[in-house]
Amino acid sequence: MSAVFAGVDVGGTNTKVLIATPSLEVIDRVDLPTPAHAGGAAIVAAALGAVTDLLDRHRASLAGVGVGAAGVVDPATGTVLVTGNSFTGWAGYGVTNAVSAALGVPATLDNDVNAFLLGEIAAGAVVGERDVLGMTLGTGVGGALVLDGSLFGGPRGAAGEIGHVPGFGDELCTCGQHGHLETIAAARGMASRYEARTGQHLPVHAIADAARAGDVDARAVFDDAGWGIARGILLTAGILDVTTVVIGGGVARSWDLLAPAISAAIAAEPPVSGATIRVEQSTLGSDAVALGAAAQVRALVRDAELAEGPRRPSSGAESRTPIGGGVRRPRE
């Protein structure tokens, strides 16, 4: 078997780890609890333990590890900068240095929404597209942009933050401001809106079930969310001329409820360019972030190989090992 790439999706509750072929076909995957309050070293050690278990199971060698993580990260240094209160000791931790030191292979780190988008472009709903807006609808609303084939973070790393665009009412957002898209299109905001209408607090999946059963208030919550998502898409199309969109996350699992409202709002106010807006649901599901992280480290390894140039033919006196000299167990 050729050397494989590992992808890691670190969430506040669970960590997903997968290994994939160089063509990004998933070989195997595992989910494990995130030791989110045990510090950065423990979080990485748990993930890398899962990586080595998968490698042992499939007798595979490792070419690189990509990590996608919630929060603000610095991809250039491979460091987590800011996290929510779901984590302790994660902010400030040098993830890529720790991974490379433990396993002896190249490593990358990026924001989980960036990784989600890279995964969908590499192997999901928008394969091969060069200009794409990615949106994740979960507890909050995340966004990412790929322009001309490359991630675009902007000069301060905030490009694509579609969830915190104002103009969607006056409800208080999790960021402390009011009227952001997140207040109507994220799970928390949708639950709050349903409770305001009915006095009943339900999780978003139960609101979806109620909408399908004919609950007009539940349906209105999804219609509002779809309208808001469409407005965000139209803003992006008008400002950047990006007309391909992929949407994932837990709320997007109720695509049957969101898609009609999104389509109706876009049809009512099409972009001035006249271009058709393509909106796709994620096809990678819960694999998207980890597979996107694997795609990112694959690109790093391939770039390094191109920069290194063609190797001299082996005389047979030396043996070759995978990039990084093979796999080592994480250090204790």
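A residue is called buried when its relative accessible area is under 20%, exposed when that area is over 50%, and partly exposed in between; the legends below apply these terms to a predicted model.

**View 1. Trp-90 and its aromatic neighbours.** With a relative accessibility of 1%, Trp-90 counts as buried, and Phe-87 is buried as well. The rings of Phe-87 and Trp-90 form a stacked aromatic pair, with 6.1 Å from centre to centre and 25° between the planes. Trp-90 also pairs with Tyr-93, and because their ring centres lie 6.1 Å apart with the planes at 20°, this pair is stacked. Tyr-93, in turn, is partly exposed, its relative accessible area being 22%. Ring pairs thereby link Phe-87, Trp-90 and Tyr-93 into a cluster, in a structure that holds three aromatic pairs.

**View 2. Strand S4 and the strands that pair with it.** Strand S4, which covers residues 62–69, has eight of its eight residues buried, so it is largely enclosed by the rest of the structure. Strand S1 (residues 4–10) pairs with S4 in the parallel sense over seven bridges, and Val-10 has Ala-69 of S4 as its bridge partner. S4 also pairs with strand S7 (residues 107–111), again in the parallel sense, over five bridges; here Gly-68 stands opposite Asp-110 of S7. Pairing between the strands of a sheet is made through backbone hydrogen bonds, in either a parallel or an antiparallel arrangement.

**View 3. The open five-stranded sheet and its edge at S12.** Five strands make up an open sheet in the order S10-S9-S8-S11-S12, and their pairing is mixed. S10 and strand S12 (278–281) are the edge strands, each of them pairing on one side only. Strand S11 (residues 244–248) runs parallel to S12, and four bridges join S11 to S12. Within this pairing, Ile-247 has Gln-281 of S12 as its bridge partner.

**View 4. The second largest pocket and its lining.** The second largest pocket holds about 410 Å³ of space. Its lining consists of 16 residues, of which Leu-118, Ile-121, Gly-149, Ala-295 and Ala-299 are the closest to the centre of the pocket. Helix H3 (112–123), strand S10 (150–151) and helix H9 (288–308) are the elements that give two or more residues to this lining, and H9 gives the most, with six residues. By residue class, the lining of the second largest pocket divides into seven nonpolar, four polar and five charged residues. Strand S10, which contributes to this lining, is also one of the edge strands of the open sheet in View 3.

**View 5. The whole protein, as a setting for the close-ups.** The protein contains nine helices and 12 strands. Its radius of gyration is 21 Å, close to the 20 Å that the globule rule gives for 332 residues, so the protein is as compact as a globular protein of that length. Along the principal axes, the C-alpha trace of the protein spans about 75 × 45 × 35 Å. Of the 332 residues, 48% count as buried, and Phe-87 and Trp-90 of View 1 are among the buried residues, as are the eight residues of S4 in View 2.

Terms used. Residues numbered from 1 in each chain as written. Predicted model: local features only at pLDDT ≥ 70, side-chain atom pairs only at ≥ 80, totals over all residues. Heavy atoms only, no water. 1 Å grid on protein atoms, 1.4 Å probe; cavity = no way out; pocket = protein on both sides within 12 Å on 5 of 7 lines; lining within 4 Å. Points joined across faces, edges and corners; volume = space filled by probe spheres on them. Nonpolar A, V, L, I, M, F, W, Y, C, P; charged D, E, K, R; others polar. Phe/Tyr/Trp six-rings, centres within 6.5 Å; stacked < 30°, edge-to-face > 60°. Buried < 20%, exposed > 50% of the residue type's maximum accessible area, 1.4 Å probe, protein only. Pairing = 2+ DSSP bridges. Rg over C-alpha atoms; globule rule 2.2 N^0.38 Å.
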